[in-house]
Structure formats: structure tokens, C-alpha cells
Amino acid sequence: MIDKIVLSAHISPMSPTPTIKDVALEAKCSIATVSCVLNGRGRISKATKKRVRDTCKNLGYFPRAAGRNLRSQKTESIGILFYPSCAHIFRDVFYAEIVEGLEEHLTEANQNLLLAGYDISTQTEELPKFIREGSVDGVILLGGCPEEFKKKLVAINIPFLLLDTDISGGSVDSVTSDGFRAMSDMTSYLHGCGHKKIAMFRHSYDNYNEISRCMGFETEARQLGIDAEIIQTKTNDEAVEQIIKRLKSDNPITAVCTVNDDMAADIIVKLLTAGVEVPEQLSITGFDDTRFAETTLPPLTTIRIDRKQMGFEGAKTILRRIQQPDAPIRKIVMPTKLVLRSSVKSI
């Protein structure tokens, strides 16, 4: 079978590389209109935008970014940083889905998303290369990170977004989830199930989200008269040791809250190995509603965050800051939802 190749009448076979003029002729519009569509400028109808983009795709036309960037002083690239390094994003289901939302929206806006080859945990002096060399128009810091590094980035004169984290007192755009309200709702639910002595476990390092979630837990527990404590541990093994110790006390805990599903799922497995059954002997809750929440035995009662939507909001916020450097600071707080499964037992 022979594939039939049809060449546009407006393109000479001797000139295989199409030009913006070829696109304009084929799309039946002006060169200026094509330029506006490709650069996201002007008031162009949806039908015309689609016709121009379809024509570009059919002709194989790609605008020359270098020349366009030289004129606009833009790189059309946004850098992303993750603690301790971007390599860890791909090991984390939660953040991988946020990046999916980011990438989808930024791609629609003709922006590149660059992951830094930079380890925040070891670099103390130099900033990431894409910042030092001016290779990006803006920077997104994704997830938890030491406060000092956040402050260093805030001080740089570059559009900057904190995504799934924030900084106390910082005048910088951020998109976070309502961890305080979420854990307040979770604590109230556990109290309604009869739990009056509850421990919440978090990691022993600074993390904006964990602090916010623990504050919601502590505040609601105090208002409801719950005997509550917050315990910081370096490892989940240490957390399990602390749980078993409290289960053996004269006034044992009946429920445990954790700061994320990964921690909760691992603790459940380790408790089962130690002979502690969930929820028969202890109720446990997670946070994030990742795939671990559904596959854990028993499935986790947890808090759901729309991670892809968080990525969308992050993309829109950093693009706004790039286009409007003097716009008011934007603080977006994403809603959450309590998801009830079978890791909690009424007593």
C-alpha cells in the first residue's frame, strides 16, 4: 500500500520548511493574526485560533522561539524546584499529579516546564543554574522546603510561586490546601465515633502543611475536650514504637491521625506485623487520598485534595505573575473533602 502525500498548493516542494506566510495563506488570515494566535495576544475568536493552530499542525510549522524570545525578552520557560531534588517528584504520587495539572495548563499556554538538576538539601550558597543564567521567566517551589531557602527565593527579583506550601509573613503568591479545616473536620468525626484519646503523628522537620494540619487537630481537640497529643518522629518505625507504647498504657489511645497517606499505610503494615489490628484495636486516618488510601488494608479514612486542580491553579497563578509583575499577591486555598472508609471504628 502506498501512502498518498498531498502538498499544499501554497508551499513549494523545493521549500520543505513552512513559514508564517504559508500558515496565513492556508488559514486564510493575515500574518499579524497568526502571530497574535501563536503569541497569545489580541482578541482572536476561538474559531480563528483553532484554524490557525490546526494549520500549523498540518503544515508542520513551528515558530522560531529564539527570535520571538529575543523580541519579547521572555524565555517561555518556567522552572520547578522540589525538596530535596526534582528526582523525588517521580517517587511521589501526590506531587506527580500536581505536576500533571501544571504541565497540561502550561503546555496550553506555550510554556516549557523545566525541572532543576539541583539538590536543595546540599546546596547552601548558589541558586539553581536556570535562575543564575536567566533561563526561566518564573520559578515554582513545589511542596515542603526549609524556610531559609524559601526566603532566599522570595528575595530574588523573579516571578515566584509557592505551590502546596507557604511562608509565614511572606509577600509571595501561593496555592495551598486547607489543612487546618481538614484536620478540624477529621478530629470532629473521630470524636463523633467515640474516640476521646487520640495521637497525631508528624515528621520531625519543618513543613508548612504538617504544621497547619497539626494546628487544626490541636484546636478542634481542645474545643471538644479530647485527650490529644502531637508526636514528632524521624521514622515510621519510631512512630510504631510510640503507638504500641501508648496502646499498652493504663489509658490507651484509641485513634491515630497522620499527616499523609504514605505514613498511615506504612504504619498499618508495621502494626499488623507487630500483632495490632486496624481498626479492631486502633483506628487510623491519613491525608491526601492517594492510591495508597484505597489499596491499604483496611482502606483509609482520609482527606481528599484535588491535586490536578491544584496544578491548574498554580499554573494560572505563575503565568499571571509573569504577565502582571505588579499585581496584588494571590493566596489560593484549595478546599478539601473528608473521605470515609474502613480504617476507623466507632467505639
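On the surface of this predicted model, the residues F180, I211 and M215 form a nonpolar patch, and together they have about 250 Å² of accessible area. One of these residues, M215, is found in helix α9, which covers residues 208–224. With a relative accessible area of 44%, M215 counts as partly exposed, because that term applies to values between the limit for buried residues, under 20%, and the limit for exposed residues, over 50%.

A second helix, α13, gives a picture of burial. Of the 17 residues of α13, 12 are buried, so this helix is largely enclosed by the rest of the structure. Among the buried residues of α13 are R307, M310, G311 and E313, and also I318, L319 and I322. The length of α13, which runs over residues 307–323, can be checked as well: at 1.5 Å a residue, its 17 residues should span 24 Å, and the C-alpha atoms at its ends are 25 Å apart, which agrees.

From the helices we turn to the strands. Strands of a sheet pair through backbone hydrogen bonds, and the pairing may be either parallel or antiparallel. Here six strands form an open sheet with parallel pairing, and their order is β2-β1-β3-β4-β5-β11. Because β2 (112–115) and β11 (331–334) stand at the edges and have a single partner strand each, one side of each is left without a neighbour in the sheet. From one strand to the next, the twist averages 20°.

At the β2 edge, the pairing can be followed in detail, since β1, residues 77–82, pairs with β2 in the parallel sense over four bridges, and I78 stands opposite L113 in β2.

Methods:
Residues numbered from 1 in each chain as written. Predicted model: local features only at pLDDT ≥ 70, side-chain atom pairs only at ≥ 80, totals over all residues. Heavy atoms only, no water. Pairing = 2+ DSSP bridges. Helix = DSSP H or I, 4+ residues; strand = E, 2+ residues; numbered from the N terminus. Axes fitted to C-alpha atoms, helices over the stretch in contact; angles between N-to-C directions. Patch = residues over 30% accessible without salt bridge, like charges linked within 9 Å, V, L, I, M, F, W, Y side chains within 5 Å. Areas by Shrake-Rupley, 256 points an atom, 1.4 Å probe, with all protein chains shown as cover. Salt bridge = Lys/Arg side-chain N within 4 Å of Asp/Glu carboxyl O. Buried < 20%, exposed > 50% of the residue type's maximum accessible area, 1.4 Å probe, protein only. Expected span 1.5 Å × (residues − 1).
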